[in-house]
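Here is a short report on one end of a chain and the surface around that end. Start with the view below, then read on.

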Amino acid sequence: MNIVGILLITIAVIAGIDVVMYLVLSVVDRHWEKRFENEEDESDDSDERGF
């Protein structure tokens with residue numbers, strides 16, 4: 001295999017890893033946003049009660 005083929009495969013692998021990481025991080029980000037909103041709601045309720 002020549003150097004051009006190796007470079008193309010390397011670029012394709014890096015691009016694939018980039019896409020997978022983007023998808024994983026977007027799912028994690030959504031999960032943490034929902035969790036943070038739930039924690040804010042709970043803390044708001046406790047502030048209204050004076051605790």
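Met1 counts as exposed, because its relative accessibility is 78% and the cut-off for exposed is over 50%. This holds for a predicted model. Met1 lies in the segment before α1. That helix, α1, spans residues 3–49.

Which residues does Met1 touch, leaving aside its neighbours within four places in sequence? The contacts of Met1 are Ile6 and Ile9.

Met1 also belongs to a nonpolar patch on the surface. Ile6 and Ile9, the two contacts of Met1, are members of that patch as well. Other members include Ile3, Val4, Leu7 and Leu8. Val13, Ile17, Met21 and Leu25 are in the patch too. Together, the patch residues have about 1100 Å² of accessible area.

Now the chain as a whole. The chain has 1 helix and 0 strands. How much of the chain is buried? Buried residues account for 4% of the 51 residues. The exposed area of the chain is about 4900 Å². Carbon and sulfur atoms supply 65% of that area.

The area and exposure values are set out here.

| Item | Value |
|---|---|
| Met1, relative accessible area | 78% |
| Nonpolar patch, accessible area | about 1100 Å² |
| Chain, exposed area | about 4900 Å² |
| Chain, share of exposed area from carbon and sulfur | 65% |

In short, Met1 is exposed, sits before α1 and is part of the nonpolar surface patch.

Technical notes. Residues are numbered from 1 along each chain as its sequence is written. This is a predicted model: local features need pLDDT of at least 70, side-chain atom pairs count only at pLDDT 80 or more; totals for chains, interfaces and linings use all residues. Side-chain values use heavy atoms; hydrogens and water are left out. Patches are made of residues with over 30% relative accessible area and no salt bridge: like charges are joined within 9 Å, nonpolar side chains (Val, Leu, Ile, Met, Phe, Trp, Tyr) within 5 Å. Accessible areas come from the Shrake-Rupley method with a 1.4 Å probe; for residues, only the protein chains shown count as cover. A salt bridge is a side-chain nitrogen of Lys or Arg within 4 Å of a carboxyl oxygen of Asp or Glu. Helices (H or I, at least four residues) and strands (E, at least two) are DSSP runs, numbered from the N terminus. Buried means under 20% relative accessible area, exposed over 50%, partly exposed in between (1.4 Å probe, protein chains only). Contact means heavy atoms within 4.5 Å.
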